[in-house]
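This report covers helix packing and charged side chains. Please keep the sequence and the model in view while reading.

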Amino acid sequence: MMERDNRTEEQIKYLIDWCQQDSFWKANILSPSKLRKQYDQLVVKIKSENETKKKSPQVIPTKLPEHWPERKPLTKEELLRIEELEAEMPF
């Protein structure tokens, strides 16, 4: 692959590592010849996954875990203490 296809050692190592993490390709890339044959298809798959990760919004859960106590409003004393602490902050 390095000589025939001008692939770098780093590219090949990355692809091998990626294949071993993917459940489908792990079972289908079992030899260097198979890796060479599927190289371009694998690169397209990796790039597609990376684009999807960049575009998908981060999901932030809005429901509190069940083991957390229910939210209660702050008391006047707690609000005053927060204001005091904010006033002490240097910024």
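## Model and helix naming

Helices here are DSSP runs of H or I with at least four residues, numbered from the N terminus. The model is predicted.

## D22 between two helices

D22 sits in the loop that joins α2 (9–21) to α3 (23–28). The residue is buried but takes part in no salt bridge. Its nearest side chain of opposite charge is K45, at 5.1 Å. A salt bridge needs a side-chain nitrogen of Lys or Arg within 4 Å of a carboxyl oxygen of Asp or Glu, so the D22–K45 pair does not qualify.

D22 does have a polar partner. A polar atom of its side chain lies 3.0 Å from the backbone nitrogen of F24.

## Packing of α2 against α4

Helix α4 spans residues 32–55. Its axis and that of α2 come within 11 Å and cross at roughly 75°. The two helices are therefore roughly perpendicular to each other. On the α2 side, the contact is made by Q11, I12, Y14, L15, I16, W18 and C19. On the α4 side, L35, Y39, L42, V43, K45, I46 and E49 contribute.

K45 thus appears in two settings. K45 belongs to the α2–α4 contact, and K45 is the nearest side chain of opposite charge to D22.

## Salt bridges

Side chains of opposite charge can pair when their charged atoms come close. The count for this model is 5 salt bridges. Three of the pairs are described here, R7–D40, K13–E9 and K45–E49.

R7 pairs with D40, with the closest N and O atoms 3.2 Å apart. This pair links distant parts of the chain. R7 is in the loop between α1 (2–5) and α2, while D40 is in helix α4, 33 residues apart. R7 has 21% relative accessibility and counts as partly exposed.

## Pairs within a helix

K13 and E9 form a salt bridge, and their closest N and O atoms are 3.1 Å apart. They are 4 residues apart in helix α2, so about one helical turn separates them. K13 is partly exposed, at 48% relative accessible area. E9 is also partly exposed, at 41%.

K45 and E49 meet in a salt bridge at 3.3 Å, N to O. Both lie in helix α4, 4 residues apart, about one turn of the helix. K45 is partly exposed, with a relative accessible area of 35%. E49 is partly exposed too, at 25%. Both residues also take part in the contact with α2.

How values were computed:
Residues are numbered from 1 along each chain as its sequence is written. This is a predicted model: local features need pLDDT of at least 70, side-chain atom pairs count only at pLDDT 80 or more; totals for chains, interfaces and linings use all residues. Side-chain values use heavy atoms; hydrogens and water are left out. Buried means under 20% relative accessible area, exposed over 50%, partly exposed in between (1.4 Å probe, protein chains only). Lys and Arg count as positive and Asp and Glu as negative; His and the chain ends are not counted. A polar contact is a pair of N or O atoms within 3.5 Å; within protein, one must be able to donate a hydrogen and the other to accept it, and residues adjacent in sequence count only if both atoms are side-chain atoms. Axes are lines fitted to C-alpha atoms, for helices over the stretch in contact, and angles run from 0 to 180 degrees between N-to-C directions. Angles under 35 degrees count as roughly parallel, over 145 as roughly antiparallel, 65 to 115 as roughly perpendicular and the rest as oblique. Contact means heavy atoms within 4.5 Å.
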